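Here is a walk through one protein model, taken in short steps. Keep the structure in view while reading.

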Amino acid sequence: MELSYLEEVVVEATIKLLRRAATEIPPDVMNALKNALRMETHELAKRQLELIIKNCEIASKENVPICQDTGLICFFVRVGDEFPIKANLYQLLEKAVRKATKTIPLRPNAVHPITGINTGDNVGRYAPVVETELVPGDSLEIKVMLKGGGSEYPSRLYVLKPSRALEVLPKAVLTAIAKRAAFSCPPIIVGIGLGSTVDMALRLARRALMRPLGQRNEDSMIAELEEKLLKMINRLGIGTMGLGGDITALDVKIEWAHRHPASFPLGIVLQCWALRKASCTIRPDGSYRLGW
Ligand code: SF4
């Protein structure tokens, strides 16, 4: 397909966005890792954290992926109602993913659920994952997260009884983490979605992972719950790489939505220390800015 100038820009900017996400650890994640190293008292965990930080520094310097698992590509797209490109945006993202898979390179991670056959270019049915919002304005904002496979295992969905939800919620979160987080390259980041429908609870939990680490929810009740859960998770003692330690989670992030009075969906989506994310804003004149 012949691309217009602006379409070419969307492809080029998305490739740069993917390269940044794959090779540079975001500043908030690096700060959280360095804070964890300062606070950790277990020698083995400290050594692991030092190696993780060194690994990130080498990846950024050498322009190579931070981890061999470059993840399933998840885009969060906000399209301004006055931005000229809309209908073929998905095709442009696919084109960028195909090129980025070859040039960065990214590990091809899109396989058929039954046969296991790999498409070879990270593009397939609903791959990459794209969440789209139509918003007022004339810009296009693309955020990406590279979601590694290992950290998906402890992710969980519960539908709690509203009358007991707040009482059992901490136990549900701690159980999911205590059982499997050691296999998900901790220290982890915990995304939690409260409310709405069951599918939305999981989407909220994944979206929560995009909020900067260290930033509390603007709702004080939710912020308090984030703090409380973070403390409880770190008391589990799983530690960096599951070898024991004071820091099991770098942060807990909660996003919420109004729910049905009869049900309380709780989505839990975990992320390993390699929280690879980046953002890009494209203007209608073709100028763009990369960010986190
Ligand atoms: S869990 Fe994260 S750090 Fe571990 S292999 Fe997967 S992507 Fe890499």
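N63 counts as exposed, because it has 11 C-beta neighbours inside 10 Å and the cut-off for exposed is 12 or fewer. The model is a predicted one. N63 lies in the loop between α3 (43–62) and β1. Its backbone deserves a look. Phi of N63 is near 60 degrees, a positive value in a residue that is not glycine. Most residues other than glycine have a negative phi, and most peptide bonds are trans.

C185 departs from that rule too. Its phi is near 50 degrees, again positive in a residue other than glycine. C185 sits in the loop between α5 and β5. Is C185 buried or exposed? C185 counts as buried, because 21 C-beta neighbours fall inside 10 Å and 20 or more is the cut-off.

The loop between α5 and β5 (188–194) also holds P187. A cis peptide bond joins P186 and P187, with omega about 15 degrees. A cis bond also joins A127 and P128, and there omega is about 0 degrees. P128 is found in the loop between α4 and β2.

Now to the strands. Strand β1 (residues 72–80) and strand β2 (residues 129–135) run parallel and are joined by 7 bridges. One such pairing sets F76 against E131 in β2. Between these strands the chain passes from β1 through helix α4 (residues 89–103) to β2, and this β-α-β crossover is right-handed.

Strand β1 also pairs with strand β3 (residues 140–147). How do β1 and β3 run, parallel or antiparallel? They run antiparallel, with 8 bridges between them. Two pairs help to trace the register. L72 has K147 as its bridge partner in β3, and V79 has L140.

Strand β3 pairs in turn with strand β8 (residues 276–282). These strands run antiparallel as well, joined by 7 bridges. L140 stands opposite I282 in β8. L140 is thus a useful marker, because it is the bridge partner of V79 and also faces I282, and DSSP bridges are what define strand pairing here. In a regular strand the side chains alternate between the two faces of the sheet. Strand β3 is largely enclosed by the rest of the structure, because 7 of its 8 residues are buried.

Step back to the domains. The protein is divided into domain 1 (5–23 + 66–148 + 276–291) and domain 2 (150–271). Their centres, taken over C-alpha atoms, are separated by 26 Å. The contact between them takes 8 residues from domain 1 and 7 residues from domain 2. On the side of domain 1 that touches domain 2, β1 and β3 are the elements that give two or more residues. That side has 3 nonpolar, 1 polar and 4 charged residues.

Where does the ligand sit relative to these domains? The shell around the ligand draws at least three residues from each of domain 1 and domain 2. The residues around the ligand are C67, D69, G148, G149, G150, S151, S184, C185, C272 and A274. By class, this shell divides into 4 nonpolar, 5 polar and 1 charged. C185 is familiar by now. It is the residue with positive phi in the loop between α5 and β5, and it is also one of the residues around the ligand.

The last stop is V173. This residue is found in helix α5 (residues 165–180). Why does V173 count as buried? V173 counts as buried because it has 22 C-beta neighbours inside 10 Å, and the cut-off is 20 or more. Which residues does V173 touch, leaving aside those up to four places away in sequence? They are I192, L229 and I268. I233 is another residue to locate from here. V173 and I233 are 60 residues apart along the chain, yet their C-alpha atoms are separated by 8.5 Å.

How values were computed
Residues are numbered from 1 along each chain as its sequence is written. This is a predicted model: local features need pLDDT of at least 70, side-chain atom pairs count only at pLDDT 80 or more; totals for chains, interfaces and linings use all residues. Helices (H or I, at least four residues) and strands (E, at least two) are DSSP runs, numbered from the N terminus. Two residues are in contact if their C-beta atoms, placed from the backbone, lie within 7 Å. A residue is near a molecule or strand if its C-beta atom, placed from the backbone, lies within 6 Å of it. Ala, Val, Leu, Ile, Met, Phe, Trp, Tyr, Cys and Pro count as nonpolar, Asp, Glu, Lys and Arg as charged, and the others, Gly among them, as polar. Domain bounds come from an automatic or database domain assignment. Two strands pair if DSSP finds at least two bridges between them. A crossover is right-handed if, with the strands pointing away from the viewer, the path from the first strand over the helix to the second runs clockwise.
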